[in-house]
Amino acid sequence: GNDNHRLGWAHAYSLPREWTLDSNGFLVQKPFSGLTAMRTKTTYSKRNETLNGSYSLSPVEGRKAEVRGEFIVGTAARFGFKLFKTGNKSVDLYYVPGSNKLVVNMTSIDRLINDSGVYNGLYESTLPKPIAQGSKLVIHAFIDHSIMDVFINDQWAFSIRVFPTDKDANGIEVFSDGNT
C-alpha cells in the first residue's frame, strides 16, 4: 500500500526480459536488449583483476544502477556485489561455489520488512547447474529503488523487492571472501 507507493514501483514488478529456448530446449532469460539505450556514461570497468576482498565501484553508485560482473570461479568461499551500501550495511548478492547457491542477504540494511517470519531478509537458491571451478559466472543485476532484477549467465533470472530506508545507502562494491 502506502509504503510501496512511497518507495517506488507500486504495481510494477521486474524489467522486460527476452525469453528463448537454449540448445537443450530449456527456457532461458536475459535482460531485454533495448535496455542498453537507458545507460548513462557513468561506468567502472576493470579487466583480468584478481579479486580478494571488497572494492568500491565508484563512481557507479545510487539506487538506480546496472552492475555486471564476469567472474571466473576460483577458490573463494563466496563472491558478488554489495548493493545499497552505507558503512558496514549492504544488500549482499553473491554466489557460493561450495553449495552452488545464489544468495541475497539484506539482513544488515535498514529497510521496510515485508518478509518477516518467512525469509527474514535472507534468500537462497540452488542454481540448476553447478558452476565448475575455472568456469565463468556472470552476475548481471539491475536495481531501481525497491526492485532488484538479477540475471545469471543469461540463463536464469529472478526479481526481488528490497525497500531500503536509509537515504545514504547508495554505495556499490564488488567482493570475494575467503580467497580469489
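Which residues of β10 lie on one side and which on the other, and are they buried or exposed? The legends below work towards that strand in a predicted model, and the answer comes in the second view.

**View 1. The whole chain, one helix followed by strands.** Welcome to the overview of this predicted model. The chain holds 1 helix and 12 strands, and the order from the N terminus is α-β-β-β-β-β-β-β-β-β-β-β-β. With a radius of gyration of 16 Å, close to the 16 Å from the globule rule for 180 residues, the chain is therefore as compact as a globular protein of that length. The C-alpha trace spans about 45 × 40 × 40 Å along its principal axes. Of the contacts with a separation of 6 or more, 61% link residues 24 or more positions apart.

**View 2. Strand β10, covered on both faces.** Here is the strand from the opening question. β10 takes in residues 147-152, and 6 of its 6 residues are buried. On one side sit Ile147, Asp149 and Phe151, while Met148, Val150 and Ile152 sit on the other, and all of these are buried. Side chains in a regular strand alternate between the two faces of the sheet. For the chain as a whole, buried residues make up 41% of the 180 residues.

**View 3. The hairpin of β9 and β10.** Now look at the strand that comes before β10 in the chain. β9 covers residues 136-144 and runs antiparallel to β10, with 6 bridges joining the two. One pairing to look for is His140, whose bridge partner in β10 is Phe151. The hairpin has 2 residues between its strands, and His145 in the turn shows a positive phi of about 60°.

**View 4. The hairpin of β10 and β11.** Moving on along the chain, β10 is also joined to β11 (residues 156-161), again by 6 bridges and in an antiparallel arrangement. Asp149, one of the buried residues of β10, stands opposite Ser159 in β11. This hairpin has 3 residues between the strands, and Asn153 adopts a positive phi near 50°.

**View 5. Surface and charges of the chain.** To finish, step back to the outside of the model. The accessible surface comes to about 10,100 Å², and carbon and sulfur atoms account for 49% of that surface. The chain carries 20 positive and 18 negative charges, and the mean positions of these two sets are 2 Å apart.

Technical notes
Residues numbered from 1 in each chain as written. Predicted model: local features only at pLDDT ≥ 70, side-chain atom pairs only at ≥ 80, totals over all residues. Heavy atoms only, no water. Helix = DSSP H or I, 4+ residues; strand = E, 2+ residues; numbered from the N terminus. Rg over C-alpha atoms; globule rule 2.2 N^0.38 Å. Buried < 20%, exposed > 50% of the residue type's maximum accessible area, 1.4 Å probe, protein only. Contact = heavy atoms within 4.5 Å. Areas by Shrake-Rupley, 256 points an atom, 1.4 Å probe, with all protein chains shown as cover. Lys, Arg positive; Asp, Glu negative; His and termini not counted. Charge placed at Lys NZ, Arg CZ, Asp CG, Glu CD. Pairing = 2+ DSSP bridges.
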